[in-house]
Amino acid sequence: MNEPLPFRRTAASSGPPDLPSVMARVARGDKGAFSVLYDALAPMVFGIVLRVVRDRAQSEEVAQEVMIDLWRQAARCRGDAGSVRAWAATIAHRRAVDRVRSAQAATDREQAQAAREHTTAFDEVAEQVETRLESEQVRRCLRGLTELQRPAALKQRTLDALDGVRQLPPRLNSAPVTRSLAERLRRKALLLGLAASLVAAASFAGLAVWQHQEVRQAQEQTQRAQQNLETISGILAAPDSRTVHGRAANGALTTVVTSTRQNKAVFTATGLPEPAAGRTYQLWLQHGGTMRPAGLIHQDGTVLVDGDPADATALGLTLEPSGGSPQPTTAPLLLMNMPA
């Protein structure tokens, strides 16, 4: 790509910043800290958005919206540097998908309107020539901007926009309230247990064990979800990532992003119709002439592709019974080549 990146990393004299500390300062309204955060995250954010949106100008707009959103929600970010990056990557990807969905809806409306109106305007040719001349003037102006001018202007525009953005307060932690309520119930149960039979006491003990198991399972699920999120974010932001886009037979827009170094792939669907009861969407990796299961996706969103994408030549999507199938049972809704 000959054009300079609109977001580029600036040279740092003291190593990478401590993102949790920087985010904490941003949460207190420190614009200087936000400038540091911008330099650290904007290149990654723009890269993720560009892979999904594909249009450069729109990607710059979305990336700016994401950075402003980080300012707005800074007080709600928790965790280490990896979690900060994963959080930013998640917001970037969500915003990018929303922009694609909005653009597709607008295109559909325009096509429907064009189908209803067959009358050609008298000056259509002149208008097209004028539009092309204006576009060429814009392109010449953009080429005239240096690599330093464009990032500086975009960053300054983002910083200026912060004055009109109200930061959100931290989310209230409901855990202490929950523990307090649980403690009160436990004490009450113990008091009642003193007057109850041994059977009742044993039942309470069994309930306590069950509650403990439920809490532990919830914690494990949360940890797995966090790990999955960080893996997906890492693939989307990987320097060696490659992207392809497609459209399923049911109209859904699809994207596959792969990282050769990580040997992993991510699949994103937008506009995926809700499957009928007892059905779900299943992904497949094509290895030679064999289709191998690669995970399930139940609705719009992004999932980590199961299996080894290294030797896969294509990715498929079918509608299967809930829980998936060992091999496709319906005609493919999508069969797209893997990124080269």
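**Helices, rings and a buried threonine**

Colleague: Do α2 and α3 cross, and is that crossing left-handed or right-handed?
Modeller: Happy to start there, bearing in mind that this is a predicted model. Helix α2 covers residues 31-53 and helix α3 covers residues 56-72. The crossing in which α2 passes α3 is right-handed.

Colleague: Thanks! Which residues of α3 make the contact with α2?
Modeller: On the α2 side, the contact includes Lys31, Phe34, Tyr38 and Val53. Facing them from α3 are Arg56, Gln58, Ser59, Glu60, Val62, Ala63, Val66, Met67, Leu70 and Trp71.

Colleague: And what word describes how α2 and α3 lie to each other?
Modeller: Their axes are 8 Å apart, and the helices pack at an angle of about 140°. Angles over 145 degrees would count as roughly antiparallel, and 65 to 115 as roughly perpendicular. The angle of about 140° fits neither range, so α2 and α3 are oblique.

Colleague: Let's turn to the rings. What kind of pair do Phe34 and Trp71 form?
Modeller: The structure holds two aromatic pairs. In the pair of Phe34 and Trp71, the ring centres are 5.7 Å apart and the planes stand at 85°. Planes over 60 degrees apart count as edge-to-face, so this pair is edge-to-face.

Colleague: How many residues apart are Phe34 and Trp71 along the chain?
Modeller: Phe34 sits in α2 and Trp71 in α3, so the pair links distant parts of the chain. The separation is 37 residues.

Colleague: Are Phe34 and Trp71 buried or exposed?
Modeller: A residue is buried if its relative accessible area is under 20%. Phe34 has 0% and Trp71 has 4%. Both therefore count as buried.

Colleague: Which residue joins Phe34 and Trp71 in one aromatic cluster?
Modeller: The cluster is made of Phe34, Trp71 and one further residue. That residue belongs to α2 and takes part in the contact with α3. Its name is Tyr38.

Colleague: What about α1: within what arc do its buried residues fall?
Modeller: Helix α1 spans residues 19-27, and its buried residues are Leu19, Val22, Met23 and Val26. Seen down the helix axis, they line one face, because they fall within an arc of 100°.

Colleague: Which residue just after α1 takes a positive phi?
Modeller: The phi in question is about 85°. The residue with this value is Gly29.

Colleague: Last one: what is the relative accessible area of Thr270?
Modeller: Thr270 lies in strand β3. Beyond its neighbours within four places in sequence, Thr270 is in contact with Val97, Arg101, Ala252, Leu253 and Asp300. Thr270 is buried, with a relative accessible area of 7%.

Notes
Residues numbered from 1 in each chain as written. Predicted model: local features only at pLDDT ≥ 70, side-chain atom pairs only at ≥ 80, totals over all residues. Heavy atoms only, no water. Phe/Tyr/Trp six-rings, centres within 6.5 Å; stacked < 30°, edge-to-face > 60°. Helix = DSSP H or I, 4+ residues; strand = E, 2+ residues; numbered from the N terminus. Buried < 20%, exposed > 50% of the residue type's maximum accessible area, 1.4 Å probe, protein only. Arc of directions from axis to C-beta. Axes fitted to C-alpha atoms, helices over the stretch in contact; angles between N-to-C directions. Parallel < 35°, antiparallel > 145°, perpendicular 65-115°, else oblique. Left-handed = near helix turned anticlockwise from the far one by under 90°. Contact = heavy atoms within 4.5 Å.
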